[in-house]
Each structure stands twice: as structure tokens, then as C-alpha cells.
Amino acid sequence: MIHVPVAQPSCGDEEIEAVSAVMRSGMLAQGKEVARFEQEFADFCGTKHAVAVNNGTAALHAALTCAGIRKGDDVIVPTFTFFATASCVSMCGATPVFVDVDADTFTINPECVAEAVTGKTKAVIGVHLFGQPFDIRPVLDICEDHNLAVIEDAAQAHGAQYRGKKVGGFGKAGCFSFYPTKNMTTGEGGIITTNDDAYAAIMRKFINHGQGEKYRHTMIGYNYRMTDIGGAIGCEQLKKLPAFNTLRISHAAYLDSHISVKGLITPYRMPDSTHVYHQYVVRITPEFPMKRAEFMRYLADCGIGTVVHYPIPIHRQPVYLEQDPSVSCPVAERLCEEVLSLPVHPNVTETMLEKICSAINGVI
Ligand SMILES: Cc1ncc(COP(=O)(O)O)c(C=O)c1O
């Protein structure tokens with residue numbers, strides 16, 4: 001039986017050669033491979049700077065801290081996302097203020113952002129969730145009116161476009177993750193894109209123990225550096241990213257047009273933007289003939305991997321429930337009950353796509 005994993009990194013001889021060259025060079029820590037990767041990633045996103053770090057959470061923490069987010073500040077975040085979107089706010093000593101998402105796109109609802117702004121709000125983090133940009137323009141407008149920083153959490157959306165422009169350059173910072181299941185990887189890794197020279201310079205210090213010159217520390221920083229091994233992998237993966245995204249988009253189009261069963265809703269695509277399908281997330285509504293858990297077991301028996309992204313909205317996570325049990329985000333709460341991610345990654349073959357669709361359409 002063919003097994004279809006729900007996620008799988010795509011690395012080849014190019015990455016193996018690049019890593020071997022770094023290993024042979026003797027320079028394993030951050031060096032010229034990271035510098036080359038930063039330049040190439042900034043060029044790809046169309047931003048002035050890209051600062052590489054060792055994971056996407058570090059990227060968010062650095063972006064927020066260097067934007068001046070501190071204890072006593074509020075940062076608005078969508079509650080339907082990966083935990084790190086919110087925990088990075090708490091890592092700064094600030095408070096994440098959870099808002100609901102749009103029922104179609106699953107991304108931050110600009111109307112909810114407008115309602116949540118208070119005198120304590122300092123920033124908004126929008127997440128380009130599952131590969132689809134959030135509706136950036138209205139969020140930028142609200143933030144311009146109230147002098148708030150916009151941080152793009154682009155961990156899942158390398159190469160996605162909003163109104164013809166790649167994500168990562170709309171706000172103060174764009175934060176990407178290169179975890180192995182992402183649209184491109186460096187093993188573990190992350191990067192922050194920005195067009196602000198001074199901000200990029202502070203972030204470079206922050207991620208390197210607060211030192212500009214070696215052993216002269218002007219601020220408390222962290223060791224968030226990417227290794228040259230990661231940088232070398234990143235350069236090879238970046239060359240392949242457009243082809244990876246094309247495959248993800250074509251797999252999604254296949255699933256869109258071949259899945260046909262009552263009560264299963266395929267992903268919505270916003271006009272004027274490019275969804276790069278980090279995940280292909282369907283909704284299993286009450287009209288569907290099986291409960292979601294039963295459907296997952298059925299697909300597993302057919303050799304098809306699935307995951308729930310995400311089972312608990314962040315405001316209901318034990319650590320944040322304590323902070324404010326009164327928060328209510330009904331759209332996100334419902335989505336957590338209904339969503340299911342199907343395989344869409346570049347290694348999915350046509351035979352696998354046929355298998356996925358016939359298994360799903362066979363549900364009665
Ligand atoms: C939306 C989102 N934000 C942030 C992160 C954090 O990235 P990392 O796992 O590289 O720390 C992830 C990664 O899973 C993510 O999906």
C-alpha cells in the first residue's frame with residue numbers, strides 16, 4: 001500500500017553537497033553562507049534586509065523586542081495560529097490580546113483588530129496562515145491611524161503574494177520559519193525581513209548577545225544565530241522554492257477539483273493574492289457523514305496522513321486561559337473543531353492525489 005505522509009521535507013544532492021562543503025571548510029558557525037543566504041532571501045522578498053536566526057520563534061521575539069515591545073504593552077494577535085505567534089509577545093513581557101479570524105480565510109479579521117485597539121496597544125501580528133496572506137491593507141490602515149507596528153508572521157508563507165507583492169515587506173518586519181515541514185527549510189531556522197536600516201542593525205546585535213563589535217555588549221541579547229550549515233541549505237532550498245510552491249499550488253488545484261463530498265469544505269482562496277498552500281486545510285462540518293476523528297482514522301487505514309492544525313485556539317491554551325478566561329472567539333473555536341490538513345507537499349505524486357480523492361469521495 002502506498003503511504004502518503006502529511007508532510008515531508010524535499011532535500012536532494014544539492015543540499016547534501018552544500019552541507020558537505022561547509023563541513024569541509026571548518027567554518028560551521030555563522031559566516032559567509034549565512035550572509036549569502038540573507039542577501040538572497042532579501043532579494044527574493046524584495047526587502048532591503050534579511051536577518052537570519054535559528055528558528056521562527058526567535059525571529060518573532062527579536063522583531064518584537066527590537067520594535068520596543070515591553071512589559072505593560074499589548075500586542076493584538078489572531079487566536080487561530082501556532083502557539084509561537086502569541087508566546088513571543090509574552091517572551092517580551094507584554095500581553096497578547098487575542099482576536100478572532102475570518103471564517104473563510106482563517107486569517108486575522110481586520111474588524112476584530114479595529115475593535116481591540118486601546119491606548120495600551122503597541123503592535124499587531126498578522127499571520128499568513130497555511131500559506132495564504134492575511135488581508136494586509138485594512139490592518140495596515142488601522143495601524144497607521146493608531147501608530148502601531150505591524151509584524152507579519154510569515155512562518156508558513158514563503159513566496160506568497162498579496163496584491164502582486166511578496167509577503168515580508170508590508171509591515172515593520174516579516175518573520176519566517178525554516179522548520180523542516182515548511183515550504184522551504186534550513187533544518188531549523190528563521191529569518192526577519194525589513195526595509196528599516198536602523199531596525200535591522202539592532203536586530204543583528206540582539207541575536208548576537210547584544211554585541212556590535214566583538215566582546216563589546218551594548219544591550220542584553222540572545223544567541224539566536226543561524227549556522228553556516230543552515231545558511232548553505234537555505235541557499236539551495238531558496239533556488240527550489242518557486243518550483244516547490246508551483247507543485248503545492250497544482251496539488252491544491254487537483255484536490256479542489258476532485259474532492260466532492262457533502263459537508264467537506266475545501267480551502268477558500270482570497271482574490272488578489274497567491275496562496276502557497278503550506279497546508280491544505282479542509283473543514284469537516286456537521287453535514288459530513290463521519291466525525292473528524294473517525295475520518296482521520298479511516299484515512300490512516302487507507303495510508304493517508306492527516307493532522308489537525310490547530311485543535312485549541314491560543315486563548316483557550318491552559319497558559320492563557322488563566323490570564324483571561326472571558327475571551328471569546330467563536331469563529332476560531334468552531335474552526336478548531338472542524339479543520340483537517342491533507343497532504344499537499346511537493347513530494348505528493350499524481351497517484352497519491354488520486355488515492356486521497358478516491359478515499360475521500362468513497363465516504364458515505
Ligand atoms: C505561524 C507560525 N509562527 C511561528 C512559528 C515558529 O517557528 P519555529 O517553529 O521555527 O520556531 C511557526 C512554526 O511552526 C508557525 O507556524
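**Ligand shell**

I looked up the residues around the ligand in this predicted model. The shell has 15 residues, and Gly-56, Thr-57, Asp-153, Ser-177 and Lys-182 come nearest. I then sorted the shell by class and noted five nonpolar, eight polar and two charged residues.

**Polar contacts of the ligand**

I next looked up contacts to the oxygen atoms of the ligand. At Gly-56, a polar backbone atom is 2.8 Å from a ligand oxygen. At Thr-57, the side chain supplies the polar atom, and I recorded 2.6 Å to an oxygen atom of the ligand. For Gln-156, I found an N or O atom of the side chain at 2.8 Å from a ligand oxygen. I also noted the cover: taken on its own, the ligand has 390 Å² of accessible area, of which the protein covers 92%.

**Pocket and elements**

Which pocket does the ligand take up? I found that its space is the largest pocket. I then asked which elements give two or more residues to the shell around the ligand. These are helix H3 (56-66) and helix H4 (84-91). The largest share, three residues, comes from H3.

**Aromatic pairs**

I searched the whole structure for aromatic pairs and obtained 20. I examined the pair of Phe-82 and Tyr-310: the ring centres are 6.3 Å apart and the planes stand at 45°, so I entered the pair as tilted. The two residues are 228 residues apart, and their pair links distant parts of the chain. I placed Phe-82 in the loop between strand S2 (74-78) and H4, and Tyr-310 in the loop between helix H9 (292-301) and helix H10 (318-321).

**Backbone entries**

I returned to Tyr-310 for the backbone. The peptide bond that joins His-309 and Tyr-310 is cis, with omega at about 10°. Tyr-310 of this bond is found in the loop between H9 and H10.

What is the sign of phi at Phe-106? I recorded a positive value, near 70°, in a residue other than glycine. Phe-106 has its place in the loop between strand S3 (95-99) and helix H5 (110-116). I kept both backbone entries because most residues other than glycine have a negative phi and most peptide bonds are trans.

How values were computed. Residues are numbered from 1 along each chain as its sequence is written. This is a predicted model: local features need pLDDT of at least 70, side-chain atom pairs count only at pLDDT 80 or more; totals for chains, interfaces and linings use all residues. Side-chain values use heavy atoms; hydrogens and water are left out. A residue is near a molecule or strand if one of its heavy atoms lies within 4 Å of it. A polar contact is a pair of N or O atoms within 3.5 Å; within protein, one must be able to donate a hydrogen and the other to accept it, and residues adjacent in sequence count only if both atoms are side-chain atoms. Accessible areas come from the Shrake-Rupley method with a 1.4 Å probe; for residues, only the protein chains shown count as cover. On a 1 Å grid over the protein atoms alone, a cavity is a set of points where a 1.4 Å probe fits but cannot get out, and a pocket is an open set with protein on both sides within 12 Å along at least five of seven lines; lining residues have an atom within 4 Å of a point. A molecule sits in a cavity or pocket if more than half of its atoms lie within 2 Å of its grid points. Helices (H or I, at least four residues) and strands (E, at least two) are DSSP runs, numbered from the N terminus. Ala, Val, Leu, Ile, Met, Phe, Trp, Tyr, Cys and Pro count as nonpolar, Asp, Glu, Lys and Arg as charged, and the others, Gly among them, as polar. Rings of Phe, Tyr and Trp (its six-membered ring) pair if their centres lie within 6.5 Å; planes under 30 degrees apart count as stacked, over 60 as edge-to-face and the rest as tilted.
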